[in-house]
Amino acid sequence: MLSKLLLVGAGGFIGAILRYGISQWISKRTVSTLPVATLFVNLLGSFTLGLLTGLDLSNFSVLFLGTGILGAFTTFSTFKLESVQLRFKKNWKIFVLYTVLSYTLGIALAWTGFQLGGIFSS
């Protein structure tokens with residue numbers, strides 16, 4: 001049990017640092033009311049988690065890569081908070097765009113990653 005907790009924790013440490021670094025890099029290079037950095041990490045994470053799942057990896061790999069790294073890399077709570085902030089600012093077009101892109105592209109990319117993983121695992 002301890003080794004599993006350490007795997008998830010080590011992966012989470014890496015994932016959180018990656019998200020912070022990528023979000024900072026994107027935020028410094030974009031000027032938009034759309035939360036591009038959060039959208040990017042969540043879409044990339046959706047695809048990558050789908051790919052890892054489709055690859056049918058070992059439990060060790062799933063705990064470290066999926067639960068740890070990607071669990072900390074993606075951020076559902078930030079997405080929700082930014083959505084609420086857009087709604088309070090009455091920025092309706094960006095609110096709808098952000099919500100639709102996050103859900104539809106996230107699901108489509110997770111599905112695509114899963115299908116690609118299945119092809120490569122065969």
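**Exercise 1.** In this predicted model, what span should helix H5 have at 1.5 Å a residue, and what is the distance between its end C-alpha atoms?

*Solution.* Helix H5 covers residues 92-121, which is 30 residues. The expected span is 1.5 Å times one less than the number of residues, and for H5 this gives 44 Å. The end C-alpha atoms of H5 are 43 Å apart, which agrees with the expected span.

**Exercise 2.** Which residues of H5 are buried, and which helices are included in what covers them?

*Solution.* Buried means under 20% relative accessible area. In H5 the buried residues are Ile94, Tyr98, Ser102, Gly106, Gly113 and Gly117. Their cover includes helix H2 (36-54) and helix H4 (76-88).

**Exercise 3.** Is threonine 38 buried or exposed, and which residues does it touch, not counting those up to four places away in sequence?

*Solution.* Threonine 38 is part of helix H2. Its relative accessibility is 7%, so it counts as buried. With residues up to four places away in sequence left out, threonine 38 touches Thr75, Thr78, Phe79, Glu82 and Tyr98.

**Exercise 4.** How should the aromatic pair of phenylalanine 76 and phenylalanine 79 be classed, and how should that of phenylalanine 79 and tyrosine 103 be classed?

*Solution.* The count of aromatic pairs comes to 4. For phenylalanine 76 and phenylalanine 79, the ring centres are 6.0 Å apart and the planes stand at 45 degrees, so this pair is tilted. These two residues are 3 residues apart in helix H4, which means a separation of about one helical turn. Phenylalanine 76 has 55% relative accessibility and therefore counts as exposed, whereas phenylalanine 79, with a relative accessible area of 3%, is buried.

Phenylalanine 79 also pairs with tyrosine 103, at 5.4 Å centre to centre and 80 degrees between the planes, and this pair is edge-to-face. The pair links distant parts of the chain, with phenylalanine 79 in helix H4 and tyrosine 103 in helix H5, 24 residues apart. Tyrosine 103 counts as partly exposed because its relative accessibility is 34%. One aromatic cluster is formed by Phe76, Phe79, Tyr98 and Tyr103.

**Exercise 5.** What is the volume of the largest pocket, and which element gives the largest share of its lining?

*Solution.* The largest pocket holds about 250 Å³ of space. Its lining has 17 residues, and Asn42, Ser46, Thr74, Phe76 and Ser102 are those nearest the centre. Two or more lining residues come from each of H2, helix H3 (59-73), H4 and H5. H2 gives the largest share, 6 residues. By type, the lining has 8 nonpolar, 9 polar and no charged residues.

Definitions and conventions
Residues numbered from 1 in each chain as written. Predicted model: local features only at pLDDT ≥ 70, side-chain atom pairs only at ≥ 80, totals over all residues. Heavy atoms only, no water. Helix = DSSP H or I, 4+ residues; strand = E, 2+ residues; numbered from the N terminus. Buried < 20%, exposed > 50% of the residue type's maximum accessible area, 1.4 Å probe, protein only. Contact = heavy atoms within 4.5 Å. 1 Å grid on protein atoms, 1.4 Å probe; cavity = no way out; pocket = protein on both sides within 12 Å on 5 of 7 lines; lining within 4 Å. Points joined across faces, edges and corners; volume = space filled by probe spheres on them. Nonpolar A, V, L, I, M, F, W, Y, C, P; charged D, E, K, R; others polar. Phe/Tyr/Trp six-rings, centres within 6.5 Å; stacked < 30°, edge-to-face > 60°.
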